[in-house]
Amino acid sequence: MKIKGFGGVFWRTKNVNDLKKWYSEVLGITMENEWDGTIIQSDKGNETIFSFFKEGSDYFPTEQTVMLNFQVENMAECLLHLEKLGIPLLKETEKSEFGTFNWIADPDGRWIELWEK
């Protein structure tokens, strides 16, 4: 058996329409259809990471069981966009041999990691 990639990310929310609007305005992910979703085609050479964190890890809030990570093309442009929309960063930018990372939260309080490789 071979896994070809992720088939999707699904979760519940109290207000689907508000969350769809936020993801469209903030991250450019539009979901204008009857199934309230979208298909994100990965760029050639892009990778998807599947990783476990120990239960007590403080990398993202312990009450949040899953954190989304979106790879961005240009972090500087992304940060300007977030600033224009008034979206605060949750902590300082981190740079390492793995890339540049920033974190924001969606309207449900879910942490989202933004990553430029």
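This passage describes the sheet, the cores and one helix of a predicted model.

The sheet is open and consists of four strands, arranged in the order β1-β4-β3-β2 with mixed pairing. Strands β1 and β2 (94-96) form its edges, each pairing on one side only. On average, neighbouring strands are turned by 25 degrees against each other when direction is ignored. Strands of a sheet pair through backbone hydrogen bonds, and the pairing may be parallel or antiparallel. Both kinds are found here. Strands β1 and β4 run parallel and are joined by four bridges; within this pair, F70 has L114 of β4 as its bridge partner. Strands β3 (residues 99-105) and β4 (residues 111-116) are antiparallel and share six bridges. Bridge partners in this second pair include F101 with W115 and I104 with I112. The hairpin of β3 and β4 has five residues between the strands, and G109 in this hairpin takes a positive phi near 85 degrees. Strand β4 is mostly covered, with five of its six residues buried.

Strand β1 spans residues 68-71, and L68 belongs to it. The relative accessibility of L68 is 9%, so this residue counts as buried; the cut-off for buried is under 20%. Beyond its neighbours within four places in sequence, L68 is in contact with V9, W11, Y23, W111, I112 and E113. Of these contacts, V9 lies 59 residues from L68 in sequence, while the C-alpha atoms of the two residues are 8.7 Å apart. The loop between α1 (16-27) and β1 contains D36. This residue is not a glycine, yet D36 has a positive phi of about 55 degrees. With a relative accessibility of 38%, D36 counts as partly exposed, because that class lies between the limits of 20% and 50%.

In soluble globular proteins, nonpolar side chains tend to be buried together. In this model, the largest nonpolar core has 15 residues, and W22, Y23, L82, I104 and L114 have the most contacts inside it. Two or more residues of this core come from each of α1, α2 (75-85) and β4. The greatest share is that of α1, which gives four residues. A second, separate core has six residues, among them M67, F101, W103 and W115. The surroundings of I104 can be listed in more detail. When residues up to four places away in sequence are not counted, I104 touches W22, V26, L27, L82, I87, P88, L89, L90, R110, W111, I112 and L114.

Helix α2 has a buried side and an exposed side. Its buried residues are M75, C78 and L82. Viewed down the helix axis, the buried residues of α2 fall within an arc of 55 degrees and therefore line one face of the helix. These buried residues pack against α1, β3 and β4. On the face turned away from the buried side, α2 carries the exposed residues A76, E77, L80, E83 and K84. The N-terminal end of α2 is capped by N74, with a side-chain oxygen 3.1 Å from the backbone nitrogen of A76. After α2 comes G86, which has a positive phi near 75 degrees.

Methods: Residues are numbered from 1 along each chain as its sequence is written. This is a predicted model: local features need pLDDT of at least 70, side-chain atom pairs count only at pLDDT 80 or more; totals for chains, interfaces and linings use all residues. Side-chain values use heavy atoms; hydrogens and water are left out. Buried means under 20% relative accessible area, exposed over 50%, partly exposed in between (1.4 Å probe, protein chains only). Contact means heavy atoms within 4.5 Å. Two strands pair if DSSP finds at least two bridges between them. Axes are lines fitted to C-alpha atoms, for helices over the stretch in contact, and angles run from 0 to 180 degrees between N-to-C directions. A nonpolar core is a set of buried Ala, Val, Leu, Ile, Met, Phe, Trp, Tyr and Cys residues joined through side-chain atoms within 4.5 Å. The arc is that of the directions from the helix axis to the C-beta atoms. A polar contact is a pair of N or O atoms within 3.5 Å; within protein, one must be able to donate a hydrogen and the other to accept it, and residues adjacent in sequence count only if both atoms are side-chain atoms.
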